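Trainee: I am new to this structure, and I would like to take a close look at a single part of it. Could you walk me through one pair of elements and how they sit together?

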Amino acid sequence: MSTRSLVIALRVIGVVLLVSAVVVGVLTGSIRGLVISVLGSISTVVVYFALAAILENQEYVLEYISGELGRLEKRLKSYIRTGDKVCERCNSSYDPSYSYCPNCGYRNVPPSAS
Ligand SMILES: [Zn+2]
């Protein structure tokens, strides 16, 4: 099960729990029964929604990291293969004797610079 479908499942379960708590509360026939039923379910529903939010955030962070790693890998591979620099801004490769990107003018920090 992917994270995305797990997040959806957790939210659906949360909504179903809340709706069933309202239904059960209404079926008791009293306002007190309704309030007790809804309040009783809320702590559980909050946990489901919080878990969904945490998972969603975790997935976003992982996607961001893997995207950054992919870009870094691409630049490294190009650098190793051709010795050319790859622009951090526009991703075009150019001769390493240039101190700036001839395509967009961005001044890249060379990998050897400390
Ligand atoms: Zn550039």
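Mentor: What follows is a close look at the helices H1 and H2, with a short view of the rest of the chain at the end. Please keep in mind from the start that this is a predicted model, and that the values below are computed from it.

Let us begin with H1, which has 25 residues and reaches 36 Å from its first C-alpha to its last, close to the 36 Å expected at 1.5 Å a residue. Helix H1 covers residues 3-27, while helix H2 covers residues 31-82, and the two pack at an angle of about 175° with their axes 8 Å apart. Because an angle over 145 degrees counts as roughly antiparallel, H1 and H2 are described as roughly antiparallel to each other. Sorted by class, the contact of H1 with H2 has 18 nonpolar, 8 polar and 3 charged residues.

Which residues of H1 are buried? They are Leu10, Gly14, Ala21 and Gly25, and what covers these buried residues includes H2. Just after H1, Gly29 takes a positive phi of about 80°.

From the side of H2, a useful residue to follow is Val38, which is found in that helix. Leaving aside its neighbours within four places in sequence, Val38 is in contact with Ala21, Val22 and Gly25, and Ala21 and Gly25 are among the buried residues of H1. Val38 itself is partly exposed, because 16 other C-beta atoms lie within 10 Å, and a residue needs 20 or more to be buried. Val38 and Val23 are 15 residues apart in sequence, and their C-alpha atoms are 9.2 Å apart in space.

To place this pair in the chain, note that the domain assignment gives domain 1 as 3-82 and domain 2 as 84-114. The C-alpha centres of the two domains lie 42 Å apart, and 4 residues of domain 1 are in contact with 5 residues of domain 2. On the side of domain 1 that touches domain 2, there are 1 nonpolar, 2 polar and 1 charged residues.

One further residue to find on the model is Asn91, which lies in the loop between strand E1 (85-86) and strand E2 (93-94). The phi of Asn91 is near 65°, a positive value in a residue other than glycine, and Asn91 counts as partly exposed, with 14 C-beta neighbours inside 10 Å.

Notes:
Residues are numbered from 1 along each chain as its sequence is written. This is a predicted model: local features need pLDDT of at least 70, side-chain atom pairs count only at pLDDT 80 or more; totals for chains, interfaces and linings use all residues. Domain bounds come from an automatic or database domain assignment. Two residues are in contact if their C-beta atoms, placed from the backbone, lie within 7 Å. Ala, Val, Leu, Ile, Met, Phe, Trp, Tyr, Cys and Pro count as nonpolar, Asp, Glu, Lys and Arg as charged, and the others, Gly among them, as polar. Axes are lines fitted to C-alpha atoms, for helices over the stretch in contact, and angles run from 0 to 180 degrees between N-to-C directions. Helices (H or I, at least four residues) and strands (E, at least two) are DSSP runs, numbered from the N terminus. Angles under 35 degrees count as roughly parallel, over 145 as roughly antiparallel, 65 to 115 as roughly perpendicular and the rest as oblique. The expected span of a helix is 1.5 Å times one less than its number of residues. A residue is buried if 20 or more other C-beta atoms lie within 10 Å of its own, exposed if 12 or fewer, and partly exposed in between; C-beta atoms are placed from the backbone.
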